[in-house]
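Here is a protein chain to explore at your own pace. Keep the viewer open and try each task before you read its solution.

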Amino acid sequence: MLTALKAVEEAKARGTRIVVIDPRGEGMADLWVPVFPGADGALAIAMLKIIVEEERYDKEFVENYTKGFDEFAEYLKTVTVEEMSGYCGISVEMIHEIVDIFYSTTKISLISYTGLEYQLSGLQNNRAIQTLFAITGKVDVPGGICIMTEKNPTVPLMPMAAVEQAVGAKEFPLFSRLTGSGQFCRIPEAVLEDDPYPVRGMIVCAASPILTYPDQKLWEKIYKKLDCLVVLERFMSEDAKYTDVILPSTTYYEDESPISVPGGMCLRRRIIEPVGEARTDIFIFQAIAEKMGFGDKYPGNDEELLLWMCGGNEKMAEALKESEYGVADGDLTELETCIWQRGVLCESLSNGKRKYPCCRGGWRLLYGR
């Protein structure tokens, strides 16, 4: 997020107004909105209620490129701004002030990270925020949330035979053929009902299903029924409370690995050596794979990890080690915006003339508390 921080600082120097919605402090904010932890969705719902009922939304976008708006508008009638104000800790007056700012221009970008996800209502919070940007004309427009597809090649589908045994593959074949994996939302049935077959073991890494998936009590039942739950963690998380084995993972301060940044890659430098028995996540998986006879499929040390992340490109790996700030992957091209309006998903890198259509009206509004 340091790249984003630099971009925000540069934007502020140019006169951009910064609104910070965060309980932790105002920092560089021109307007600080001290929302209660975990209540971002309530603030977004309050804003949506005002925008919809005052008809301050983008009617052309809503009519032609969304589904479920009428049902969503009916849902908003079941809540009040005052009620949402009580949930999120922001006064009704400030909520109206934020709406006025939000409505004043389409050039409003969203910068957020996993704090929105690691909450009991993380999924619904993000749905509400994305809907807020969508119906006010701030998706895929200059200054708004851009869908960066100009450099994304079309992903080939795996043969169904390669993934058909994965949980959820039959119900979600496109997802499974694209990702090469099962659909995790079907894990509850596999654990609790043995459908399509019993699942009795799970490794949780860089995730928290009990916090980020709906129905926490359901996940408590799932974890209790498993024969073996292994969690890779740095802290005593909600998931770790139910685990049979905790494998200590390193923090970013203890890791040295390349990371993607806008426009290229940089090498994240280790600040301190791993504490105790902590290891980088991928090295933990490599050790497990080694015991199972295929440890060579994973990198086992820093040098192997660097080369693995660079796709075997030794020149890139050496350049990253020598560069303090990173290596650019070429000049950034001007973003192509409003691709949803033309029914275009992406443009093939190998054929600049070929367009890949997406279904129009594809922004589906999902709602609920």
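The exercises below go through this predicted model, each with a worked solution.

**Exercise 1. Get your bearings**

Find how many helices and strands the chain has, and what percentage of its residues count as buried.

Solution. Start with the secondary structure: there are 14 helices and 12 strands. Next, take the chain as a whole, 369 residues, of which 37% count as buried. Finally, look at the contacts with a separation of 6 or more: residues 24 or more positions apart account for 55% of them.

**Exercise 2. Two packed helices**

Describe how helix 2 and helix 6 pack, and which residues make the contact.

Solution. Two numbers describe such a pair: the angle between the helix axes and the distance between those axes. For helix 2 (residues 40-53) and helix 6 (residues 92-103), the angle is about 65° and the axes are 10 Å apart. Angles of 65 to 115 degrees count as roughly perpendicular, so helix 2 is roughly perpendicular to helix 6. The crossing is right-handed. Helix 2 brings Leu43, Ala46, Met47, Ile50 and Ile51 to the contact, while helix 6 brings Ile95, His96, Ile98, Val99 and Phe102. Sorted by class, these residues are 9 nonpolar, 1 polar and no charged.

**Exercise 3. The nonpolar cores**

Work out which helix gives the largest share of the largest nonpolar core.

Solution. The largest nonpolar core has 44 residues, and Ile45, Met47, Leu48, Cys88 and Ile95 touch the most other members. At least two residues each come from strand 2 (31-33), helix 2, helix 3 (59-65), helix 4 (69-76), helix 5 (81-88), helix 6 and helix 7 (122-135). Helix 2 gives the largest share, with 10 residues. Now zoom in on cysteine 88: leaving out residues up to four places away in sequence, this residue touches Pro34, Val35, Phe36, Ala39, Ala42, Leu43 and Ile95. A second, separate core holds 16 residues, among them Val191, Val204, Trp219 and Leu229.

**Exercise 4. A cysteine and its contacts**

Decide whether cysteine 205 is buried, partly exposed or exposed, then list its contacts beyond four places in sequence.

Solution. First locate cysteine 205 in strand 4 (residues 201-205). Its relative accessibility is 23%, so cysteine 205 counts as partly exposed. Beyond four places in sequence, cysteine 205 is in contact with Leu232, Asp281 and Phe285. Aspartate 281 is 76 residues away from cysteine 205 along the chain, yet their C-alpha atoms are separated by 7.5 Å.

**Exercise 5. Backbone details in the loops**

Find what kind of peptide bond joins aspartate 195 to proline 196, and where glutamate 55 and aspartate 194 lie.

Solution. Begin in the loop between helix 9 (187-193) and strand 4, which holds proline 196. The peptide bond from aspartate 195 to proline 196 is cis, with omega near 10°. Aspartate 194 lies in the loop between helix 9 and strand 4, and has a positive phi of about 60° although it is not a glycine. With a relative accessible area of 34%, aspartate 194 is partly exposed. Then move to the loop between helix 2 and helix 3, where glutamate 55 lies. Phi of glutamate 55 is positive too, near 55°. At 47% relative accessibility, glutamate 55 counts as partly exposed.

Notes: Residues are numbered from 1 along each chain as its sequence is written. This is a predicted model: local features need pLDDT of at least 70, side-chain atom pairs count only at pLDDT 80 or more; totals for chains, interfaces and linings use all residues. Side-chain values use heavy atoms; hydrogens and water are left out. Helices (H or I, at least four residues) and strands (E, at least two) are DSSP runs, numbered from the N terminus. Buried means under 20% relative accessible area, exposed over 50%, partly exposed in between (1.4 Å probe, protein chains only). Contact means heavy atoms within 4.5 Å. Axes are lines fitted to C-alpha atoms, for helices over the stretch in contact, and angles run from 0 to 180 degrees between N-to-C directions. Angles under 35 degrees count as roughly parallel, over 145 as roughly antiparallel, 65 to 115 as roughly perpendicular and the rest as oblique. A crossing is left-handed if the near helix is turned anticlockwise from the far one by less than a right angle, and right-handed if clockwise. Ala, Val, Leu, Ile, Met, Phe, Trp, Tyr, Cys and Pro count as nonpolar, Asp, Glu, Lys and Arg as charged, and the others, Gly among them, as polar. A nonpolar core is a set of buried Ala, Val, Leu, Ile, Met, Phe, Trp, Tyr and Cys residues joined through side-chain atoms within 4.5 Å.
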